[in-house]
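Visitor: Hi! I have a structure open and would like someone to walk me through it. Could you take a look with me?

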Amino acid sequence: MFVSYRWLQEYVDLSGVTAEELADKITKSGIEVEGVENLNKGISGVVIGHVVEREQHPNADKLSRCQVDLGGGEIVQIVCGAPNVAQGQKVAVAKVGAVLPGNFKIKRAKLRGEESNGMICSLQELGIESKLVAKDYQEGIFVFPSDAEVGADALDALNLNDEVLELGLTPNRSDCLSMLGVAHEVAAILRREVKYPSVNVQTSDEQAADYISVKVEAKEDNPLYVARVVKNVKIAPSPLWMQTRLMAAGIRPHNNVVDITNYILLEYGQPLHAFDYDRLGSKEIVVRHASEGEKFVTLDDQERVLKGNQLVITNGSEPVALAGVMGGANSEVKDDTVNVLIESAYFKGLTVRQASKDHGLRSEASARFEKGIDPNRTRVAADRAAELMAEYASGEVVSGTVEVDTLTVEPAVVAVSLGRINDVLGTELLMEEVQDIMNRLQFENKVEDETIVVTVPTRRGDITIEEDIVEEVARMYGYDNLPTTLPVTVATPGKLTEYQLGRRKVRRFLEGAGLAQTTTYSLTSAGKATQFALNATSTIGLAMPMSEDRSILRQSLVPHLLEAVKHNNARQSDSIALYETGSVFLSKGEGELPDEQERVAGAITGLWHAHGWQGEKKVVDFYVIKGVLEGLFAQLGLEKRISYAPVKKDGMHPGRTAAVWLDEKEIGYVGQVHPVAQKQYGLRETYVFELHLQELLAADVEEVRYSAIPRFPSITRDIALVVDKNVLGGEVQRVIYAAGGELLKDVTVFDLYEGERMEEGKKSVAFSLRYLDPERTLTDEEVAKAHGAVLEAVEKEFGATLRS
Amino acid sequence: MKERLQELQQEAIAKVETASALKELNDVRVAYLGKKGPITEVLRGMGKLSAEERPVMGALANEVREAIASKIEEKQTALEAAEVERKLASETIDVTLPGRPVKAGTHHPLTSVVEEVEDLFLGMGYEVAEGPEVEQDYYNFEALNLPKGHPARDMQDTFYITEETLLRTHTSTVQARVMNKNEGKGPVKIICPGKVYRRDDDDATHSHQFMQIEGLVVDENIRMSDLKGTLEVFVKKMFGADREIRLRPSFFPFTEPSVEVDVSCAKCGGKGCNVCKQTGWIEILGAGMVHPNVLEMAGYDSTKYRGFAFGIGVERIAMLKHGVDDIRHFYTNDVRFLDQFKQV
């Protein structure tokens with residue numbers, strides 16, 4: 001809502017308070033003033049001039065040479081390019097030395113050989129937005145009414161020496177979508193009075209009921225409809241003061257009748273519609289629901305296909321307006337309109353909101369109906385409009401209104417105890433203070449014992465319960481004045497859950513290992529939604545996505561991590577190590593909430609380690625990324641329970657990818673991105689992992705139990721085993737562990753040889769076995785026995801022989 | 001004989017002194033003190049001496065031996081020290097060259113803010129509650145006093161999946177879930193961090209995905225002044241002990257009264273500058289007393305229980321703390337951005 005400071009003065013005395021000060025006070029007490037705009041915009045030296053003579057410019061087809069009277073006997077020649085300039089007009093003249101918006105200075109000039117002493121201005125040149133300029137003056141200069149005073153300050157005449165407060169209204173404060181509503185707010189803040197306009201309609205002897213009948217078939221959606229008839233209007237521009245007020249409020253002037261309806265909308269917050277009575281095509285108004293698929297052309301010349309839940313105003317057979325949203329082209333007030341039907345109605349917010357949404361049509365009217373208007377202003381608004389049409393459109397107001405009224409207007413009565421107010425706020429207010437605030441707001445009230453009973457005016461439909469009154473008290477009392485305390489409750493242990501702690505641990509480890517944490521988007525494209533997913537389901541898409549790239553919920557974190565790698569690779573960062581923890585979304589069926597599972601994923605490429613001047617470097621490979629995971633599992637106490645198995649997976653290198661198992665559950669994978677996918681993402685050799693974080697952290701891990709530090713030496717035996725190439729080292733290691741018994745403490749791989757000195761199809765894997773008895777020194781015989789069992793087992797399982 | 005011994009002593013000591021290497025010194029030791037050395041030889045002639053002279057001469061011989069040995073010892077220490085010096089000198093390296101890098105990853109700045117806030121409130125007895133990002137319309141709107149068709153739903157453009165399911169537009173959803181679970185009992189003290197989504201075009205100040213932290217306290221005697229005090233603790237911890245807060249009345253359907261909370265501008269200290277758009281204040285969060293409808297819907301007796309809630313924009317905090325000027329940086333994951341947050 002744009003509020004003109006000068007206009008507001010009509011309803012409440014603002015003396016001694018500047019626009020800026022007012023803005024500050026309004027903001028502090030509850031409505032954010034988002035800005036204060038000075039309409040003047042630094043303009044000076046612009047006066048009203050009289051074009052006493054206008055001739056064709058001798059050297060230019062599109063220019064005029066004008067003699068302009070600037071008052072006080074000063075007549076100057078001005079060359080003007082506007083197509084609508086004419087002799088006899090009163091116009092805005094920027095004199096030589098004048099300044100226009102943007103610090104544009106007007107100088108004496110010669111245009112095509114003709115002297116020009118100033119500039120005749122369009123409204124746009126005076127800083128008014130083009131969309132607010134009346135159609136007649138869109139392409140040319142603005143013309144003042146003929147009674148404008150020559151030589152006077154043009155800005156004053158245009159009400160541009162004014163400031164406009166832009167109110168950022170929250171949906172509950174629709175009462176301030178009217179000048180009177182704002183006046184009430186300001187009056188409460190400044191402790192001043194609200195001055196209502198006096199409404200006094202002079203009517204003819206004719207009866208409105210002879211002109212129109214009104215029938216409402218959808219009373220639920222339209223409980224109050226008031227019609228008034230004004231005859232013999234003369235369509236002309238509205239008075240300049242009205243036009244300028246509309247423009248200050250962001251509404252473009254049209255003609256006197258339409259402007260008056262908009263003026264009342266701004267003044268009372270009651271949307272009105274003016275029909276051309278003679279174009280209605282009947283003498284009746286029927287308000288009903290549209291029939292499904294019914295067609296209707298709105299004022300903006302768009303054909304609308306209506307739905308059955310939309311409310312239309314009809315002439316008994318066809319729609320003439322989409323209720324509360326927009327009128328119809330068929331009954332529009334035009335230059336030749338003679339008789340006018342004024343509609344002032346109360347339409348249900350939800351119905352208007354839905355229709356406005358369905359048609360993508362938001363109007364000043366719909367914005368007010370949606371949020372709720374004051375039903376007690378519906379009649380007076382119609383009266384005031386009729387009065388203004390009599391005054392400014394020479395109309396004759398037909399006596400009486402035609403109404404359908406099924407609305408019961410009961411003001412809310414809210415009782416709240418002083419104790420409650422002080423309990424909620426933590427204050428120690430006195431009843432007098434509370435009552436004073438209610439009085440300032442002009443809320444009728446009476447005090448009964450320690451309770452105040454408030455009758456809320458209908459303009460404040462947002463106030464219905466105790467808490468609403470508490471809020472009014474708080475905001476008028478001032479939040480700055482509230483004490484500061486801390487909650488007093490029984491002691492609660494503030495601690496993270498096991499899962500939250502585990503997730504922090506995972507993050508900390510991965511960062512310690514050199515991976516940077518990322519945050520990527522949950523929404524992705526159809527192509528990436530299930531790519532790299534641990535276990536994909538059908539996808540979950542948005543009903544109305546904003547773009548294809550952000551249309552579906554992801555089922556893997558890897559695609560966006562790869563996007564991030566690509567982004568960095570393209571910016572000269574070749575060595576990248578990233579990870580992310582976040583949710584993926586697995587479908588549990590249409591309409592069901594998805595199974596949200598948290599994953600941890602990583603992507604690594606380039607050099608893992610480089611120490612240039614010492615000539616050290618390590619290019620990322622499978623064992624680098626696997627090492628990171630092994631470290632992570634050790635931190636989580638799971639290293640002995642994790643196993644790896646070769647796996648084929650879409651998007652992953654078939655020979656360099658392992659499934660990760662925790663006990664008997666597959667919880668993730670690690671490996672190289674398939675060269676085809678690498679190319680798709682524009683990547684170099686890149687390794688990724690993705691793990692089911694919840695499964696990983698759900699594993700029961702026993703508390704650490706100390707075991708005595710061994711006092712006896714261990715004995716190490718190295719063996720190099722020759723096995724078939726396809727035998728998995730991890731399997732051999734597992735068999736060795738199983739066969740070695742109690743005494744075998746560690747088995748580590750220390751060499752792999754597949755070179756030419758091996759028999760075809762064979763490889764040699766070397767293990768180091770460490771035996772230990774914590775209770776005593778081992779004898780050679782005991783080690784030999786255990787070791788023998790190991791050799792026997794690997795021979796039996798894999799046909800392994802010792803390498804000679 | 002005596003003369004011979006003294007002669008030998010002088011001779012040996014002279015040789016020790018001129019020795020320049022450990023080997024040379026060892027040669028001297030073997031030559032003079034060895035079993036075939038001249039002193040031993042001299043002592044062999046002791047048989048010719050009288051009984052009185054023998055012990056005197058024996059003592060002298062030992063003195064000579066000890067003198068030589070001690071000189072050798074002394075020299076040896078000196079030579080060894082010189083040797084070590086030489087070795088160390090040859091081992092000198094350029095200590096100003098860079099070390100072998102231990103590359104640590106970085107904590108995402110949004111996570112840092114979340115964890116800092118979590119830790120602050122954990123210390124005050126809050127728990128961290130989480131909830132799903134895909135929500136039912138009920139938890140996102142209806143349970144929060146936003147029935148279908150409520151105009152305030154327009155304040156938050158929503159990504160719907162079906163008519164009844166959507167991407168949550170705020171973490172207030174978790175409020176409703178936790179309260180439902182607690183079945184009308186207090187106290188509830190939670191903060192709920194998480195991702196939220198709104199239909200916004202991504203630009204420098206908008207992101208269709210962002211993070212929020214919701215805070216909620218429900219108990220029998222919760223007052224608005226408790227909210228003010230709690231937020232003051234939060235602001236002073238996050239932005240510095242000298243920051244002030246200001247509460248401005250506002251509107252959220254799920255709280256009544258509702259406030260917007262501003263913090264005094266850290267850059268200008270409240271005088272007005274370009275960071276705070278000349279106002280001296282920066283808006284950082286919305287808050288209020290839990291609306292009685294919300295309490296009732298979650299099964300709380302609103303005549304007995306009250307609560308406060310607040311919602312913090314994580315990106316906003318991170319942007320203010322670190323002077324980040326474009327929200328998209330948090331989601332682009334450019335390492336030149338992430339690397340700047342090593343210390344957070």
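Guide: Happy to; we can go through the domains, the contacts between chains, the annotated sites and the sheets. One thing first: this is a predicted model.

Visitor: Good to know. How is chain A divided into domains?
Guide: There are six entries in the assignment for chain A: domain 1 (2–39 + 163–190), domain 2 (44–157), domain 3 (203–405), domain 4 (415–456 + 465–481), domain 5 (498–698) and domain 6 (715–802). Taken over C-alpha atoms, the centres of domain 1 of chain A and domain 5 of chain A are separated by 54 Å.

Visitor: And which domains does chain B have?
Guide: Chain B gets domain 1 (2–90) and domain 2 (109–341). Their centres, again over C-alpha atoms, are 90 Å apart.

Visitor: What does UniProt say about residues 65–92 of chain B?
Guide: The UniProt record, an unreviewed entry, labels residues 65–92 of chain B "coiled-coil region". In the model that stretch is 93% helix and 0% strand, with 41 Å between the end C-alpha atoms.

Visitor: I clicked on Val30(B). Is it buried or exposed?
Guide: Val30(B) is exposed, because it has 12 other C-beta atoms within 10 Å, and 12 or fewer counts as exposed. Val30(B) belongs to helix 2 (residues 22–33) of chain B. From Val30(B) to Pro151(B), 121 residues along in sequence, the C-alpha to C-alpha distance is 109 Å.

Visitor: Let's switch to the contact between the chains. How many residues are in contact?
Guide: On the chain A side 77 residues are in contact, and they meet 71 residues of chain B. Helix 12 (residues 466–477) of chain A gives the most to the chain A side, with 6 residues. By type, the chain A side divides into 35 nonpolar, 25 polar and 17 charged residues.

Visitor: Helix 12 of chain A, then. Which residues does UniProt list for "binding site" in chain A?
Guide: The unreviewed UniProt entry places that feature at Asp462(A), Asp468(A), Glu471(A) and Glu472(A). Glu471(A) lies in helix 12 of chain A, and Glu472(A) is found there too.

Visitor: Why do those two glutamates count as buried?
Guide: The cut-off for buried is 20 or more other C-beta atoms within 10 Å. Glu471(A) has 28 such neighbours, so it counts as buried. Glu472(A) is buried as well, with 26.

Visitor: What are they in contact with?
Guide: Setting aside neighbours within four places in sequence, Glu471(A) is in contact with Glu256(B) and Pro257(B). On the same basis, Glu472(A) is in contact with Ile437(A), Leu441(A) and Ile463(A).

Visitor: What about Glu256(B) itself?
Guide: UniProt lists Glu256(B) for "binding site" too, in an unreviewed entry. Glu256(B) sits in strand 7 (residues 255–264) of chain B and is buried, with 25 other C-beta atoms within 10 Å. Not counting residues up to four places away in sequence, Glu256(B) touches Glu467(A), Asp468(A) and Glu471(A) from chain A, plus Gly288(B), Met289(B) and His291(B).

Visitor: Where does strand 7 of chain B sit in its sheet?
Guide: The sheet is open and has 7 strands in the order 1-4-5-9-8-7-6 (chain B), with mixed pairing. Strand 1 (127–128) and strand 6 (245–252) of chain B are at the edges with a single partner strand each, so one side of each has no neighbour in the sheet. Strand 7 and strand 8 of chain B run antiparallel and are joined by 8 bridges; Thr255(B) has Val290(B) as its bridge partner in strand 8.

Visitor: Back to chain A. Which residues of helix 10 are buried?
Guide: In helix 10 (residues 418–425) of chain A they are Leu418(A), Ile421(A), Val424(A) and Leu425(A). Down the helix axis they fall within an arc of 140°, so they line one face of the helix. What covers them includes helix 11 (431–440) and helix 12 of chain A, together with helix 8 (224–239) of chain B. After helix 10 of chain A comes Gly426(A), with a positive phi near 80°.

Visitor: Last one: what is the order of the open sheet of 5 strands in chain A?
Guide: The order is 14-17-20-21-22, and the pairing is mixed. Strand 17 (residues 284–289) and strand 20 (residues 311–314) of chain A run antiparallel with 4 bridges between them, and Val286(A) stands opposite Thr314(A).

Methods. Residues are numbered from 1 along each chain as its sequence is written. Chains are lettered from A and ligands numbered from 1 in the order in which they are written. This is a predicted model: local features need pLDDT of at least 70, side-chain atom pairs count only at pLDDT 80 or more; totals for chains, interfaces and linings use all residues. Domain bounds come from an automatic or database domain assignment. Two residues are in contact if their C-beta atoms, placed from the backbone, lie within 7 Å. Helices (H or I, at least four residues) and strands (E, at least two) are DSSP runs, numbered from the N terminus. Ala, Val, Leu, Ile, Met, Phe, Trp, Tyr, Cys and Pro count as nonpolar, Asp, Glu, Lys and Arg as charged, and the others, Gly among them, as polar. UniProt positions are given in the numbering used here, feature names are shortened, and annotations may be inferred rather than shown by experiment. The arc is that of the directions from the helix axis to the C-beta atoms. Two strands pair if DSSP finds at least two bridges between them.
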